[in-house]
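Work through these exercises with the sequence and the model side by side. Try each task before you read its solution.

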Amino acid sequence: MTTHHQRSACTPIAWWECEPRRLHRDQEEITTRFPDLAWQQDGAGTWEGRLPCWPFHRPEPAHLTDWTGHEGLLLRMEYHQAYPMVAPRIIPLAPRPEPLEWTQHRWHVSGDASLCLLREDAAWTGRESAVDLLLKAVGWRIEYALMKHHVIDEMTANGIVSDDRLDHFLARPPSPDRSRHHAARPTGLGEPAC
């Protein structure tokens, strides 16, 4: 018979064995809000799938899909064994940022190609919902499209989730000549979050 002491010395314990209520909470919240994400219990666990284009609590801008396409961000959210004390990593799969964008804070992408979604003044404490990070990832996708169309020069500090200051761009289709000319950065958007 293996004792608890022998098991912990030889076999790693998954975070959800220590935090079963948190696993239940995440599974309930994520599947309710994002039914196209699938849970995989490999390693420390992942969610993978496609996010909706606009899950926010305000009307969707008329031309959103002209900017982003008709499919939301395809991603993989990877937990760490230290979860919930360490935030999960969100890796965009489509669109996938270019390697040069991984090293520039204005794109909100970390050097490992995961999204930088937490501001220094709003750090992860372990009590937050993973849904909040997924909503920020939806906003990142939209701002990424605006960056690629050269409408903004850097992503906003607060993000699109609760800040409608970029919605007016999405109310009209992108200009065909935007790929050749950089627009001036809109004022008052704040500094980058990363």
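## Starting points

The protein has an accessible surface of about 10,400 Å², and 54% of that belongs to carbon and sulfur atoms. Accessible areas come from the Shrake-Rupley method with a 1.4 Å probe; for residues, only the protein chains shown count as cover. The model is predicted: local features need pLDDT of at least 70, side-chain atom pairs count only at pLDDT 80 or more, and totals for chains, interfaces and linings use all residues. Residues are numbered from 1 along each chain as its sequence is written, and side-chain values use heavy atoms, with hydrogens and water left out.

## Exercise 1: the overall layout

Task: State how many helices and strands the protein has, and in which pattern they follow.

Solution. Step one: count the elements. There are six helices and four strands. Helices (H or I, at least four residues) and strands (E, at least two) are DSSP runs, numbered from the N terminus.

Step two: read along the sequence. The pattern is α-α-α-β-β-α-β-β-α-α.

Step three: check burial. Of the 194 residues, 44% count as buried. Buried means under 20% relative accessible area, exposed over 50%, and partly exposed in between (1.4 Å probe, protein chains only).

Step four: look at the contacts, meaning heavy atoms within 4.5 Å. Take those with a separation of 6 or more: 62% of them link residues 24 or more positions apart.

## Exercise 2: the nonpolar core

Task: Find which residues touch the most other members of the largest nonpolar core, and which helix gives the most to this core.

Solution. Step one: fix the term. A nonpolar core is a set of buried Ala, Val, Leu, Ile, Met, Phe, Trp, Tyr and Cys residues joined through side-chain atoms within 4.5 Å. In soluble globular proteins, nonpolar side chains tend to be buried together.

Step two: pick out the hubs. The largest core holds 48 residues, and Ile30, Leu51, Leu75, Met77, Tyr79, Ile90 and Leu134 touch the most other members.

Step three: assign the elements. Those that each supply at least two residues include helix 3 (20–33), strand 3 (74–78) and helix 5 (130–148). Helix 5 gives the most, with 13 residues.

Step four: zoom in on Ile30. Beyond its neighbours within four places in sequence, Ile30 contacts Pro35, Leu37, Trp47, Met77, Tyr79, Ala130, Val131 and Leu134.

## Exercise 3: helix 3 against helix 5

Task: Describe how helix 3 and helix 5 cross, and which residues make the contact.

Solution. Step one: take the geometry. The two axes come within 9 Å and cross at roughly 35°. Axes are lines fitted to C-alpha atoms, for helices over the stretch in contact, and angles run from 0 to 180 degrees between N-to-C directions.

Step two: list the partners. Helix 3 brings Arg22, Asp26, Glu29, Ile30 and Arg33, while helix 5 brings Ala130, Val131, Leu134 and Leu135.

Step three: sort by class. The contact has five nonpolar, no polar and four charged residues. Here Ala, Val, Leu, Ile, Met, Phe, Trp, Tyr, Cys and Pro count as nonpolar, Asp, Glu, Lys and Arg as charged, and the others, Gly among them, as polar.

## Exercise 4: two acidic side chains

Task: Decide whether Asp26 and Glu78 are buried or exposed, and find a side-chain partner for each.

Solution. Step one: place Asp26. It sits in helix 3. Asp26 counts as buried because its relative accessibility is 0%.

Step two: find its partner. The side chains of Asp26 and Tyr83 share a polar contact of 2.6 Å. A polar contact is a pair of N or O atoms within 3.5 Å; within protein, one must be able to donate a hydrogen and the other to accept it, and residues adjacent in sequence count only if both atoms are side-chain atoms.

Step three: repeat for Glu78. Glu78 is in strand 3. Its relative accessible area is 18%, so Glu78 is buried. Its side chain makes a polar contact of 2.8 Å with that of Arg76.

## Exercise 5: backbone details

Task: Locate the cis peptide bonds at Pro84 and Pro95, and the positive phi of Ala113.

Solution. Step one: a cis bond joins Tyr83 and Pro84, with omega about 10°. Pro84 lies in the loop between strand 3 and strand 4.

Step two: a cis bond joins Ala94 and Pro95, with omega about 0°. Pro95 is in the loop between strand 4 and helix 5.

Step three: Ala113 has phi near 75°, a positive value in a residue other than glycine. Ala113 is placed in the loop between strand 4 and helix 5.
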